[in-house]
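Welcome, and please take a moment to look over the sequence and the 3D view. A short tour of selected residues follows.

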Amino acid sequence: MKRLIIRPGAIGDTILSLPAIEHLRPAEIWAPELNLPLLSHVAPASSLVASGIDSLVPGPSTLARLAQFNDIVSWYGAARDDLRQRLSGLPVRFFPALPPADSAEHATDFYLAQVQAPPGAVPRIPVDGGKQEFAVIHPFSGSRKKNWPLERFQEVARLLPFPVRWCAGPDEPLEGAVRFDTLSALIPWLASARLFIGNDSGISHLAGACGLPVVALFGPTDPRVWAPRGHVRAMRFGASPEAVTAAAESLRLSRSFP
């Protein structure tokens with residue numbers, strides 16, 4: 001069986017679907033360039049844009065590449081009738097890329113059910129390297145509505161009894177933050193920490209997949225569906241900095257590392 005996975009989406013969505021992707025044992029994966037380091041341990045991964053599948057009308061070269069596979073699982077194009085018609089002669093299974101808006105099922109289990117795999121798996125990204133004595137705080141996300149106030153994160157940093165290193169994306173405004181241009185550079189640094197605190201964001205999911213204890217703050221989104229899996233405590237925006245600090249310390253002390 002030569003199987004292709006087509007997986008668009010953000011960092012967190014991709015990580016949440018990792019167990020389903022691994023269950024399928026693909027021969028190749030097409031995904032956004034940014035997300036390729038999240039998938040390369042599963043199978044050879046190449047850029048979704050370079051594949052041509054996201055073109056308005058996929059061309060002959062893209063169709064020829066697709067014809068090399070005898071099973072294609074796509075989280076791209078489920079709602080595009082034009083694309084489904086264009087690929088109608090190929091063995092493509094289209095899956096919705098996101099759980100229904102009213103779902104209370106965890107997203108990882110939603111993706112596992114799509115591929116007829118049992119629920120409960122924890123996304124994991126293999127990382128080598130030792131640990132250092134610091135915590136990471138990433139106070140951002142893909143939406144301002146999902147951001148706990150920065151001053152509360154700053155209070156948590158003051159309360160924690162060990163060093164904190166702040167993390168931010170290239171365009172996120174935070175003086176003195178550690179920044180990486182690629183996930184392949186971020187992953188080993190992040191995995192070397194002892195603890196992660198952040199919002200409902202892709203980087204929180206990445207920290208959980210790297211095996212870190214994670215405290216994730218949730219506002220408008222439902223942690224039953226979107227919380228990272230692993231050694232994780234999901235808390236609501238109403239939590240105080242003291243409560244977040246206590247949860248972080250409890251997680252850190254209960255997690256043993258080599």
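**Cysteines, rings and a buried helix**

At 12% relative accessibility, cysteine 210 falls in the buried class. Please keep in mind as you read that this is a predicted model. The tour begins with the cysteines, moves on to the aromatic rings, and then visits a few single residues and one helix.

**Cysteines**

- Cysteine 167 is buried as well, with a relative accessible area of 4%.
- Why does cysteine 210 not form a bond with cysteine 167? The sulfur of cysteine 210 lies 11 Å from the one in cysteine 167, its closest cysteine sulfur, and that is too far for a bond.
- Seen from the other side, the closest cysteine sulfur to that of cysteine 167 is the one in cysteine 210, again 11 Å away and too far for a bond.
- A disulfide needs the two sulfur atoms within 2.5 Å, and the count for this model is 0 disulfides.

**Aromatic rings**

- How many aromatic pairs are there? The count comes to 6 aromatic pairs.
- One of these pairs joins tryptophan 75 and tyrosine 111, with ring centres 6.1 Å apart. Their planes stand at 90 degrees, and planes over 60 degrees apart count as edge-to-face, so this pair is edge-to-face.
- The pair links distant parts of the chain, as its two residues are 36 residues apart. Tryptophan 75 sits in the loop between β4 (71-74) and α6 (81-86), while tyrosine 111 belongs to helix α7.
- Both tryptophan 75 and tyrosine 111 are buried.
- Ring pairs also tie Trp75 and Tyr111 into a cluster with Phe95 and Phe110.

**Charges over rings**

- Tyrosine 111 has a charged partner too: arginine 7 lies over the face of its ring, 5.0 Å from the ring centre.
- Lysine 2 has its charged end over the ring of phenylalanine 69, at 5.1 Å from the centre of that ring.

**Threonine 14 and its surroundings**

- Threonine 14 is found in helix α1, which covers residues 11-16.
- Is threonine 14 buried or exposed? Threonine 14 has a relative accessible area of 0%, so it is buried.
- Its side chain makes a polar contact with the side chain of asparagine 35, at 3.1 Å.
- Beyond the neighbours within four places in sequence, threonine 14 is in contact with Arg7, Pro8, Gly9, Asn35, Leu38 and Leu39.

**Two loop residues with positive phi**

- Arginine 25 is a residue other than glycine with a positive phi, near 50 degrees.
- Where is arginine 25 found? Arginine 25 is in the loop between α2 (18-24) and β2 (28-31), and its relative accessibility of 71% makes it exposed.
- Glutamine 116 is not a glycine either, yet its phi is positive at about 60 degrees.
- Glutamine 116 lies in the loop between α7 (107-114) and β6 (135-138). With a relative accessible area of 74%, glutamine 116 is exposed.

**Helix α9**

- Which residues of helix α9 (residues 183-191) are buried? They are Leu183, Leu186, Ile187, Trp189, Leu190 and Ala191.
- The packing partners of these buried residues include three helices: α1, α3 (36-39) and α10 (202-209).
- The strands β6, β7 (164-166) and β8 (195-199) also pack against the buried residues of α9.
- In general, an α-helix has 3.6 residues a turn, so residues three or four places apart point the same way.

How values were computed
Residues are numbered from 1 along each chain as its sequence is written. This is a predicted model: local features need pLDDT of at least 70, side-chain atom pairs count only at pLDDT 80 or more; totals for chains, interfaces and linings use all residues. Side-chain values use heavy atoms; hydrogens and water are left out. Helices (H or I, at least four residues) and strands (E, at least two) are DSSP runs, numbered from the N terminus. Buried means under 20% relative accessible area, exposed over 50%, partly exposed in between (1.4 Å probe, protein chains only). A polar contact is a pair of N or O atoms within 3.5 Å; within protein, one must be able to donate a hydrogen and the other to accept it, and residues adjacent in sequence count only if both atoms are side-chain atoms. Contact means heavy atoms within 4.5 Å. Rings of Phe, Tyr and Trp (its six-membered ring) pair if their centres lie within 6.5 Å; planes under 30 degrees apart count as stacked, over 60 as edge-to-face and the rest as tilted. A charge sits over a ring if NZ of Lys or CZ of Arg is within 6 Å of the ring centre and within 35 degrees of the ring normal.
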